[in-house]
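User: I would like to go through the helix packing in this model and hear the reasoning behind each label. Please set every value against the criterion that decides it.

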Amino acid sequence: MIFAINKKIWTSSLVLSPPGLAILVLCVLMYVIEMKGRKGAWSRFFDVFGKNALFIFMISGIIPRIYGLIRIQDGVDRAGNTRFDTVGGWMYQHLFSPAFGPLNGSLAYAIFHILLFWALCYQLDRKKIYIKV
C-alpha cells in the first residue's frame, strides 16, 4: 500500500517523483506564462533563470567544489588538534542549522544558493550577457 521514497537505496519512487513534480510545475508555468500571457513581476524570477540556464548549471557544479577547496578553522578537538571544515560545512553548521534547525537549515542552505545563483544571473541579465553554446 505504501511505496517509500528512500534516497539511501535510490527507490524508483525517489528517482521518478522529483522529476515528475518538476515537469508538472514547469508545465503549469509554461501554460500560465506562455499560453495565457500572464507575465508580471512574479514571472521575472523564472525569466532570469531561463536566460542563463547554462551558466546556472555550470556554477552549481563549480561553487561546491570551491567550497571543498577552502578550509576554515573550526575550533580544537579533545586531543588539542585544530579542526578544519569546508566553507559549505561551516556555513551550514554555524549559520543555517542554528537559525533554522537541522532539517530546515538544510532547506535554508539550498534556498540561499538558489537565490545566490539568481542574483548572479540577474546581474548578467541586466548587462545583457547571455551564456550560450
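The exchange below takes up confidence, then the helix pairs, then a salt bridge.

User: How confident is the predictor in this chain, and which elements have the lowest and the highest mean pLDDT?

Analyst: This is a predicted model, and its chain averages a pLDDT of 87, with 95% of the residues scoring at least 70. Among the elements of the chain, strand β1 (residues 71–76) has the lowest mean pLDDT, 84, whereas α5 has the highest, 93. Where pLDDT is low, the predicted coordinates should not be read in detail.

User: Why is α4 called oblique to α5?

Analyst: The axes of helix α4 (residues 87–100) and helix α5 (residues 102–126) come within 8 Å and cross at roughly 120°. Angles from 65 to 115 degrees count as roughly perpendicular and those over 145 as roughly antiparallel, so the crossing angle makes α4 oblique to α5. The crossing of these two helices, α4 and α5, is right-handed.

User: Which residues meet there, and how do they divide by class?

Analyst: From α4 the contact includes M91, Y92 and F96, and from α5 it includes Y109, F112 and H113. By class, the contact of α4 with α5 has eight nonpolar, six polar and no charged residues.

User: What makes α2 roughly perpendicular to α5?

Analyst: Helices α2 and α5 pack at an angle of about 75°, their axes being 9 Å apart. Because the range from 65 to 115 degrees counts as roughly perpendicular, that angle makes α2 roughly perpendicular to α5. In this contact R44, F45, V48, F49 and K51 of α2 face residues of α5 that include W118, Y122 and D125, and the residues divide into eight nonpolar, no polar and three charged.

User: Which label applies to α1 and α2, and what is the hand of their crossing?

Analyst: The axes of helix α1 (residues 12–35) and α2 come within 12 Å and cross at roughly 120°, which makes α1 oblique to α2. Their crossing is left-handed. The contact is made by L29, V32 and I33 of α1 together with W42, S43 and F46 of α2, a set of five nonpolar, one polar and no charged residues.

User: How do you know that R44 and D47 meet in a salt bridge?

Analyst: Their side chains have an N to O distance of 3.5 Å, and a salt bridge requires the nitrogen to lie within 4 Å of the carboxyl oxygen, so the pair R44 and D47 qualifies. Both residues lie in helix α2 (residues 41–51), three residues apart, about one turn of the helix. The structure holds four salt bridges.

Methods: Residues numbered from 1 in each chain as written. Predicted model: local features only at pLDDT ≥ 70, side-chain atom pairs only at ≥ 80, totals over all residues. Heavy atoms only, no water. Axes fitted to C-alpha atoms, helices over the stretch in contact; angles between N-to-C directions. Helix = DSSP H or I, 4+ residues; strand = E, 2+ residues; numbered from the N terminus. Parallel < 35°, antiparallel > 145°, perpendicular 65-115°, else oblique. Left-handed = near helix turned anticlockwise from the far one by under 90°. Contact = heavy atoms within 4.5 Å. Nonpolar A, V, L, I, M, F, W, Y, C, P; charged D, E, K, R; others polar. pLDDT = per-residue confidence, 0-100.
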